[in-house]
Amino acid sequence: MPASPLPIHREPCGWNRLLPSRTPRPAAQGRMTARFAVIGAGYTGLAAARRLAELAPEADVLVLEGTEVGEGSSGRNSGFANPRDSKIGLSVTEMERAERINAFTAEGFSALLDQMALHGFDCDLEKVGRITGAATALGMQKVQSMIAGATAHGFEHIALDQAGMRAVTGSDYYQCGIRTAEGYLLQPAKLVRGLADSLPANVRLCENTPVLGLERGKGWTLRTPDALIAVETVVLAANPAIKHFGYWKDGLVTIYTFAGLSEPMSDADCAKLGEPSWGLLPAHRLGSTLRRVGRDRFLVRSLYSYEKPAASRTVRDTLTSAFHRRFPDLKHVRLEHVWGGTTALTMNGSPRWGRIDEQLYGSAGCNGAGIVKGTILGQRLAEMIVTGDPQTELVTCYGSASSIAPEPFRTIGFHIVSALERRKCGLEA
């Protein structure tokens with residue numbers, strides 16, 4: 001096992017840099033005991049810890065975070081969230097399954113809203129709808145299919161031509177798009193901070209505490225740089241880092257994605273960015289994600305790398321190019337913060353979730369939808385652990401991650417497929 005299972009984050013999280021400094025909770029020290037240990041203080045881990053504490057109020061729950069809250073991958077995403085995992089353009093059978101998944105998605109989204117209301121923190125949550133934009137012929141075909149599906153299934157939406165896309169985004173880059181009514185933007189580091197700092201009294205959070213070893217005995221022993229921790233039950237909520245503990249290596253791929261946040265812009269430059277608040281997802285999955293941030297900043301997320309981060313200069317140049325190609329009148333605006341984060345992808349899009357071993361459970365593979373999906377998967381995993389409920393409906397709806405080819409075929413296959421997909425992506429990169 002490597003010295004540390006933590007992903008490599010070469011640059012601090014830009015979202016965190018926008019917030020006031022926060023004093024992290026003390027790292028684990030010495031010999032410790034707890035009934036439950038949750039490894040990872042992202043959305044899944046925090047949801048699991050909170051629910052464990054609610055269901056077993058007499059139990060000690062320990063949350064071990066390898067870095068500082070907000071600096072992990074949960075604070076590094078683009079900040080898109082949705083109370084519905086809406087699937088448009090699907091067959092009737094697929095729509096039935098999608099609606100069942102939507103019930104879980106709504107539960108997760110409501111849980112986040114409840115915590116914000118109960119504990120009085122916010123995450124700059126805005127309902128702005130969700131735009132999918134197309135800049136290529138293939139992308140336009142996908143958007144047209146989405147429009148047809150939304151119409152057929154009664155999803156509230158607006159079809160946008162090039163002029164409509166310009167009115168919303170300020171850019172001539174996109175040929176067409178669809179804007180669905182539901183869709184939220186938020187500040188992810190602010191959200192995960194609020195969730196971590198409002199945990200129940202019987203939950204102890206230890207930051208800067210990477211778990212270096214996990215050993216099975218009468219219970220479980222966790223080894224960190226400065227502590228040995230004996231626990232009855234372990235929850236692995238470290239997403240792709242679960243592979244470093246020897247589990248689920250055949251079903252998870254670590255993907256790095258990268259984001260850049262502009263410096264504050266003048267009022268004249270902000271006027272070139274269309275509506276005051278909007279977020280855009282590309283028609284092609286390898287395309288660039290865009291959004292306005294606050295009054296005077298702009299965020300672009302693009303570029304993907306396999307199992308390790310791309311070079312810092314390559315990341316900055318790629319993100320800057322994606323920004324300036326869409327807004328040539330803003331070529332004088334630089335990216336102030338550039339950073340990377342990781343996600344765990346599975347071959348078929350289903351998560352790895354549930355019991356791994358005796359008193360060992362895990363959840364990974366949100367496939368880029370971790371804010372809401374991670375929340376519900378964490379909650380329901382805690383319910384499985386404490387109540388014994390097998391969560392049959394959840395497992396049936398989400399399915400189970402399929403196996404991925406072993407190395408070196410996995411790496412070879414990834415690079416072949418990604419090269420083909422980048423070609424299809426074209427101008428949407």
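A residue counts as buried when its relative accessible area is under 20%, as exposed when that area is over 50%, and as partly exposed in between. The close-up views described below all come from a predicted model.

**View 1. A salt bridge links strands β16 and β17 through Arg-297 and Glu-336.** Glu-336 forms this salt bridge with Arg-297, and the closest N and O atoms of the two side chains are 2.8 Å apart. Because its relative accessibility is 27%, Glu-336 counts as partly exposed, whereas Arg-297, with a relative accessible area of 13%, is buried. Glu-336 belongs to strand β17, which covers residues 335-345, and Arg-297 belongs to strand β16, which covers residues 297-306, so the salt bridge ties together parts that are 39 residues apart in sequence.

**View 2. Glu-58 and Arg-35 form a salt bridge.** In this pair the closest N and O atoms are 2.9 Å apart. The two partners come from distant parts of the chain, since Glu-58 sits in the loop between α2 and β2 while Arg-35 sits in strand β1, 23 residues apart. Glu-58 has a relative accessible area of 59% and is therefore exposed, whereas Arg-35, with a relative accessible area of 29%, is partly exposed.

**View 3. Glu-99 and Arg-84 form a salt bridge.** Here the closest N and O atoms are 3.1 Å apart, and the pair again links distant parts of the chain, with Glu-99 in helix α3 and Arg-84 in the loop between β3 and α3, 15 residues apart. Glu-99 is partly exposed, with a relative accessible area of 35%, and Arg-84, at 22% relative accessibility, also counts as partly exposed.

**View 4. Five charged residues are joined into one network by salt bridges that share partners.** The members of this network are Arg-51, Glu-54, Glu-107, Arg-380 and Glu-383. In the structure as a whole there are 25 salt bridges.

**View 5. The largest nonpolar core brings together 47 residues.** Within this core, the residues that touch the most other members are Val-38, Leu-52, Val-61, Leu-191 and Ile-371. At least two core residues are supplied by each of several elements, among them strand β1 (30-39), helix α2 (43-55), strand β2 (61-64), helix α3 (92-119) and helix α9 (370-387). Of the contributing elements, α9 gives the most to this core, namely eight residues. When its neighbours within four places in sequence are left aside, Val-38 is in contact with Gly-45, Ala-49, Leu-52, Val-61, Leu-62, Val-63, Leu-64, Val-235 and Ala-237. A second core, separate from this one, has 27 residues, including Val-168, Tyr-256, Leu-273 and Trp-278.

**View 6. Cys-123 lies in the loop between α3 and β4.** Although it is placed in a loop, Cys-123 is buried, because its relative accessible area is 0%. Leaving aside its neighbours within four places in sequence, Cys-123 is in contact with Met-116, Leu-186, Gln-187, Lys-190 and Leu-191. Cys-123 and Arg-316 are separated by 193 residues in sequence and, from C-alpha to C-alpha, by 26 Å in space.

**View 7. Three strands make an open sheet in the order β3-β8-β4.** The pairing in this sheet is antiparallel. Strands β3 (80-81) and β4 stand at the edges and have a single partner strand each, so one side of each is left without a neighbour in the sheet. Between β4 and strand β8 (residues 184-185), which run antiparallel, there are two bridges, and the bridge partner of Glu-126 is Leu-185 in β8.

**View 8. A hairpin joins strand β10 to strand β11.** Three residues make the connection between these two strands. Strand β10 (residues 213-216) and strand β11 (residues 220-224) pair in the antiparallel sense, and four bridges hold this pairing. Arg-216 has Trp-220 in β11 as its bridge partner.

**View 9. Ile-412, Ile-416 and Leu-420 make a nonpolar patch on the surface.** The area of this patch is about 280 Å². Ile-412 is placed in helix α11, which covers residues 409-425, and at 46% relative accessibility Ile-412 counts as partly exposed.

Key
Residues numbered from 1 in each chain as written. Predicted model: local features only at pLDDT ≥ 70, side-chain atom pairs only at ≥ 80, totals over all residues. Heavy atoms only, no water. Core = buried A, V, L, I, M, F, W, Y, C linked by side-chain atoms within 4.5 Å. Buried < 20%, exposed > 50% of the residue type's maximum accessible area, 1.4 Å probe, protein only. Contact = heavy atoms within 4.5 Å. Patch = residues over 30% accessible without salt bridge, like charges linked within 9 Å, V, L, I, M, F, W, Y side chains within 5 Å. Areas by Shrake-Rupley, 256 points an atom, 1.4 Å probe, with all protein chains shown as cover. Salt bridge = Lys/Arg side-chain N within 4 Å of Asp/Glu carboxyl O. Pairing = 2+ DSSP bridges.
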